[in-house]
Amino acid sequence: VGLAGSARKFAGISGDPLTIRVSTRVAEPLPFSGEVQTASGGNWLSTKRVTGQTGDILTVLASSDGLTSGTYQGKISIGVMGSTPNPLDFPVTLSIP
C-alpha cells in the first residue's frame, strides 16, 4: 500500500485541503478503510469519506475553529486488507500562529 499526497502540513487559520491517493502494486482495485485521529485539540481534522478503493483520492480538511495558537498533531490511518503495514499512517500537522 502506498499513500501519495500533497504537503502534510496545514499553516494558519485556514489551509487548503490536502489530497491523498491510496495505491497498491496490484492491477485490480482493493477496498480500503480509513480513520482520522487527533492527538490534541479535538476534532479539527476530517476527511470527506473513510472508505473507497485503491486508486481513489481522499480529501483531508482541517478546521481551526475553537483552537488557540499552537501546533496540533493528527493522522489518517488507511487499511487495505492483506497489505503490510496495515494500517499505514499518514501524519498531519496543523500550525496556528
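Let's start in the middle of the chain: Gly 52 sits in strand β6, which covers residues 51-53. (Strands, E in DSSP and at least two residues long, and helices, H or I and at least four residues long, are DSSP runs numbered from the N terminus.) This is a predicted model, so local features need pLDDT of at least 70 and side-chain atom pairs count only at pLDDT 80 or more, while totals for chains, interfaces and linings use all residues. Residues are numbered from 1 along each chain as its sequence is written, and side-chain values use heavy atoms, with hydrogens and water left out.

**Around Gly 52**

Is Gly 52 buried or exposed? Gly 52 is buried, because its relative accessible area is 16%. Here buried means under 20% relative accessible area, exposed means over 50%, and partly exposed is what falls in between, using a 1.4 Å probe and protein chains only.

Which residues does Gly 52 touch once its neighbours within four places in sequence are set aside? They are Leu 30, Pro 31 and Phe 32, where contact means heavy atoms within 4.5 Å. Take Leu 30: it is 22 residues from Gly 52 in sequence, yet the two C-alpha atoms are 8.3 Å apart in space. Phe 32 has Gly 52 as its bridge partner in β6.

That bridge belongs to a wider pairing. Strand β4 (residues 31-38) and β6 pair in the antiparallel sense over three bridges; two strands pair if DSSP finds at least two bridges between them. β4 also pairs with β8, again in the antiparallel sense, over seven bridges. In that second pairing, Gln 37 finds its β8 bridge partner in Lys 75.

Ser 33 is part of β4 too. With 41% relative accessible area, Ser 33 is partly exposed. Leaving out neighbours within four places, Ser 33 is in contact with Val 50, Thr 51, Ser 77, Ile 78 and Gly 79. Ser 77 is 44 residues away from Ser 33 in sequence, with 8.3 Å between their C-alpha atoms.

A little further along from Gly 52 you'll find Thr 54, in the loop between β6 and β7. Thr 54 counts as buried because its relative accessibility is 12%. Not counting residues up to four places away in sequence, Thr 54 touches Val 22, Ser 23, Thr 24, Glu 28, Pro 29, Leu 30, Phe 32 and Val 80.

**The whole protein**

Now step back. The protein has zero helices and nine strands. Of its 97 residues, 32% count as buried. Among contacts with a separation of 6 or more, 56% come from residues 24 or more positions apart. The accessible surface comes to about 5,600 Å², and carbon and sulfur atoms account for 51% of that; these areas come from the Shrake-Rupley method with a 1.4 Å probe, and for residues only the protein chains shown count as cover.

**The nonpolar core**

The largest nonpolar core has 18 residues, and the members touching the most others are Trp 44, Ile 76, Val 92 and Leu 94. (A nonpolar core is a set of buried Ala, Val, Leu, Ile, Met, Phe, Trp, Tyr and Cys residues joined through side-chain atoms within 4.5 Å.) At least two residues of this core come from each of β3 (18-23), β7 (57-62), β8 (70-80) and β9 (88-96). Beyond its neighbours within four places in sequence, Trp 44 has contacts that include Leu 61, Tyr 72, Val 92 and Leu 94.

**Polar and charged pairs**

Thr 93 lies in β9 and, at 14% relative accessibility, counts as buried. Its side chain makes a polar contact of 3.1 Å with that of Gln 73. (A polar contact is a pair of N or O atoms within 3.5 Å; within protein, one must be able to donate a hydrogen and the other to accept it, and residues adjacent in sequence count only if both atoms are side-chain atoms.)

How many salt bridges does a search of the whole structure find? The search finds two, a salt bridge being a side-chain nitrogen of Lys or Arg within 4 Å of a carboxyl oxygen of Asp or Glu. Side chains of opposite charge can pair when their charged atoms come close.

| Salt bridge | Distance, N to O |
|---|---|
| Arg 49 and Asp 56 | 3.4 Å |
| Asp 89 and Lys 75 | 3.4 Å |

The pair of Asp 89 in β9 and Lys 75 in β8 links distant parts of the chain, 14 residues apart. Asp 89 is partly exposed at 38% relative accessible area, and Lys 75 is partly exposed at 27%. In the other pair, Arg 49 counts as partly exposed at 34% relative accessibility, and Asp 56 counts as partly exposed at 24%.
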